[in-house]
Amino acid sequence: EGSKSLNFIEHIVEEDLSNGFAKEKLRFRFPPEPNGYLHIGHASSICLNFGLGLRYKAPVNLRFDDTNPAKEEQEYVDAIKRDVEWLGFKWDTECFASDYFQQLYDWAIVLIKQGKAYVDSQSSAEIAAQKGTPTEAGKPSPFRERSVEENLELFQAMKEGKFKEGEHVLRAKIDMASSNMLMRDPLMYRILHRPHHRTNTDWCIYPMYDWAHGESDYVEQVSHSFCTLEFAMHRELYDWFLDQVVDENKVRPKQREFARRNFSHTVVSKRKLLQLVEQGFVSGWDDPRMPTISGLRRRGYTPESLINFANTIGIAKRENVVDVSLLEFHVREHLNKIAPRVMAVLDPLKVVLTNYPEGEEEWLEAENNPEDEAAGSRQLPFSRELYIEKDDFKEEANRKFFRLKLGGEVRLKNGYIIKAESCTKDADGNITEVQCTYDPKSKSGSGTEESLRKVKGTLHWVSAPHAVSAEVRLYDRLFMDETPDGHKDRDFLEFINKDSLQVINAFVEPSLKNAVPEDRFQFQRTGYFNVDKESTSEKLIFNRTVGLRDSWAK
Ligand code: ATP
Ligand code: MG
Ligand code: MG
């Protein structure tokens, strides 16, 4: 732990500790808004905050930033909890900004009484028109000098539902000439006649993010509040709001910013992900093509692979685009260690071993994972009729084709050496069957001279009468463009890859009959696959997590 170099956020914490901040008072939070599912960008924030918790043995709160009833739902709260748990992190307290609505209201009353907040009765357009420009001061609202009594009365009436949406807002009275536009009398409350997923219709005024966030951190006694760079300008306001309420004996939360992560060939804005779901480009938030945690999980990613990825890219001060192939690298690396090897033929071609006795079968021993001795072995059926991949056979091919060709030999993995003698074609000239002979003395592992004979190619296969048919879903990138939401005049939806899902029927070895959702395998020579949540013992469904090699690399 001590030897790992610290990122700049960890340096901030270290510096506070060396300046006398008590280690026992450290507390962090991960603060998602429940307006969508967590995505791979959130994994960075989760690993940062929960990672700090682990490093300093400090509590980390899971805070739902639920101040906008128009977009938030219980479904998202549940999904977020499931995803954080699945990643393996444990929060100290489950918190909701909505739990502090009364406290925030009480503090707002204090501000009004101190002449630091007022009810503005202008429209949002009028307020915006008075904001000014960074170089030119804003104009004060005609309601800026309202009396405390009138403000208290109006604010209470707002709370009691006496007004329509947009009729009044509560604003902090700060500085209409500030060089920071956010300090020019920012909104604290707006009227929204919408039921909230937790407080239902108790409230019809809702606090703005800036008013709610820092005060929530303070209520929870969060010591360090890390957010993304777009909030850097908000820090002055965060501090101003805290100044109004902090008690010097309590921990004063500190906001610091790090760069939001972007990823190539995808989008990670929840608003855009919602569009993909609502407009049916994907089957849901957990569609295996989605960059959501639940989509990646359904695709076969492991928590370890996502955490290793997030820790490898680390925390940056500037925004940049991380290539998604790095994510694929990490899942390959982990699955290589843990995924049992199995035989599956995705595009089958029948092979008949003409010298193998008809009606007979035998069971061959197959190692489950050469990377993991403890994984043991299993029995594979072998018989006269087999399937191999269509593109593993050619009638004629040059010397570099190490697969099967007429007159040539290959080894069948865990089985025998076979030689292609002839093939059959249909009326269109497509090859429908290959007739081979096998060398009965060449059985893998039998120790005979023939079994040790080297042949150039080794193929995967399944025994035809024992094969189990399965649906296999092959995924490609959802966007072919590297930065689908990085084009000025074009909508990101224009860059959708229409061929990002291909569904095929494959034959798999019979040991897979009992595979259950989320089981992960390496289909030998093909890639990593996992069992989809829609899979049943009657109809097996596999998702391709990732190919064995980076097919995109040049
Ligand atoms: P979105 O635009 O997707 O809605 P958000 O920032 O509004 O993103 P939140 O639910 O508020 O989403 O995010 C919770 C936490 O995760 C915040 O601290 C936020 O800064 C962080 N976060 C969100 N997206 C990313 C990202 N792409 N990279 C790093 N951190 C992120
Ligand atoms: Mg958001
Ligand atoms: Mg947010």
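Start with residues 32–42: the C-alpha atoms at the two ends of this span sit 8 Å apart, and the span is 27% helix and 0% strand. UniProt, in an unreviewed entry, puts the "short sequence motif: 'HIGH' region" at these residues; its positions follow the numbering used here, with feature names shortened and annotations that may be inferred rather than shown by experiment. Bear in mind that this is a predicted model, where local features need pLDDT of at least 70, side-chain atom pairs count only at pLDDT 80 or more, and totals for chains, interfaces and linings use all residues. Residues are numbered from 1 along each chain as its sequence is written, while chains are lettered from A and ligands numbered from 1 in the order in which they are written.

Now for ligand 1. It is surrounded by 15 residues, the closest being G41, S45, T228, R261 and K270 (near means a C-beta atom, placed from the backbone, within 6 Å). Two elements, α2 (40–56) and β8 (224–228), each supply two or more residues to this shell, and α2 gives the most, with four. Helices here are DSSP runs of H or I with at least four residues, strands E runs of at least two, numbered from the N terminus.

On to the domains, whose bounds come from an automatic or database assignment. The protein chain splits into domain 1 (8–258), domain 2 (270–340 + 470–547) and domain 3 (350–460). Between the C-alpha centres of domain 1 and domain 3 there are 65 Å.

Finally, look at W461. Setting aside neighbours within four places in sequence, W461 contacts M343, V345, L386, Y387, I388 and L412, a contact being C-beta atoms, placed from the backbone, within 7 Å.

Notes:
Two residues are in contact if their C-beta atoms, placed from the backbone, lie within 7 Å.
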